[in-house]
Amino acid sequence: MIYVISDLHGYPFEGFMELLKKAGFSDDDFLYALGDVVDRGKNGIDYLLWFKEQNNAELLLGNHEVMMRKCDFLFHPDAIELMEKLDNDQRVNLGIWMYNGAEETIRGLFAISQEKRQELFRYLCTLAPYRTVKVGGREFVLTHSGLRDFSPQKSLDDYSLHDLVWNRPELTDRYYEDKMVVFGHTPSWKFGEEYEGKIIITDTWIDIDAGAGRGLSPVLLRLDDMAQFSLG
Ligand SMILES: [Mn+2]
């Protein structure tokens with residue numbers, strides 16, 4: 001069976017493990033995380049290290065992973081010395097990432113070995129910005145933030161990375177007639193208090209960011225039967 005989750009944002013890693021267990025997630029299943037495992041919470045690096053090693057789970061790119069890999073100097077063996085002579089672009093990239101809650105991730109990055117840090121950078125460079133998946137005859141498009149400047153005729157490769165990871169959808173947005181777009185990025189509480197802690201399912205898209213970045217339980221969604229799993 002195929003599961004999706006998004007925007008874990010450093011959510012306590014044991015909680016994530018508990019959630020998989022609760023859903024009965026096994027080696028025969030597959031999990032897609034739709035980006036933003038890092039930042040805000042403390043456990044971002046744990047997620048990257050975990051996803052990197054899984055054969056039946058894939059992390060897609062979120063805007064936070066994009067901001068992270070733009071700070072390539074942080075992964076360099078001499079990162080500490082390099083920090084003192086950043087050029088303007090590097091300083092801007094680090095500033096943007098810090099502004100978006102990178103502190104705990106950077107702390108975690110310097111708590112692992114130099115080799116692991118470099119492995120993580122190479123791993124970040126392999127992440128895909130979208131996937132399509134067929135589940136029980138239904139087609140799903142998975143991206144971090146939905147699709148900016150959507151047109152049903154447009155191929156997914158024609159969207160810029162920015163369109164796929166920084167889009168802010170409106171509740172009234174509509175996508176394809178024949179496939180569902182699943183994304184995170186915009187926590188459901190931003191659409192109104194009544195959605196807090198819940199995922200939002202419309203007839204053309206599903207927002208699965210239930211607000212783990214704010215400490216709310218993430219929601220794990222099984223696409224085969226639309227079963228939802230959360231903690232507590
Ligand atoms: Mn995001």
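This passage describes two backbone features and one helix contact in a predicted model.

Two residues were examined for their backbone angles. Most residues other than glycine have a negative phi. In His9, by contrast, phi is near 45°, a positive value in a residue that is not glycine. This residue is found in the loop that runs between strand S1 (2–5) and helix H1 (13–23). With a relative accessible area of 5%, His9 is buried, because values under 20% fall in that class.

A positive phi also occurs at Asp149, where the angle is near 55°; this residue, too, is other than glycine. Asp149 lies in the loop between strand S5 (138–143) and helix H8 (161–165). The relative accessibility of Asp149 is 57%, and the residue therefore counts as exposed, the limit for this class being over 50%.

Helix H1, which follows the loop of His9, also takes part in a contact with helix H2 (residues 44–53). The axes of the two helices come within 10 Å and cross at roughly 40°. H1 and H2 are therefore oblique to each other, since an angle under 35 degrees would be needed for them to count as roughly parallel. On the side of H1, the contact is made by Phe13, Phe16, Met17 and Leu20. On the side of H2, Asp46, Tyr47, Trp50 and Phe51 contribute. Seven of the residues in this contact are nonpolar and one is charged, while none is polar. The charged residue is Asp46 of H2, because Asp belongs to the charged class.

Terms used
Residues numbered from 1 in each chain as written. Predicted model: local features only at pLDDT ≥ 70, side-chain atom pairs only at ≥ 80, totals over all residues. Heavy atoms only, no water. Helix = DSSP H or I, 4+ residues; strand = E, 2+ residues; numbered from the N terminus. Buried < 20%, exposed > 50% of the residue type's maximum accessible area, 1.4 Å probe, protein only. Axes fitted to C-alpha atoms, helices over the stretch in contact; angles between N-to-C directions. Parallel < 35°, antiparallel > 145°, perpendicular 65-115°, else oblique. Contact = heavy atoms within 4.5 Å.
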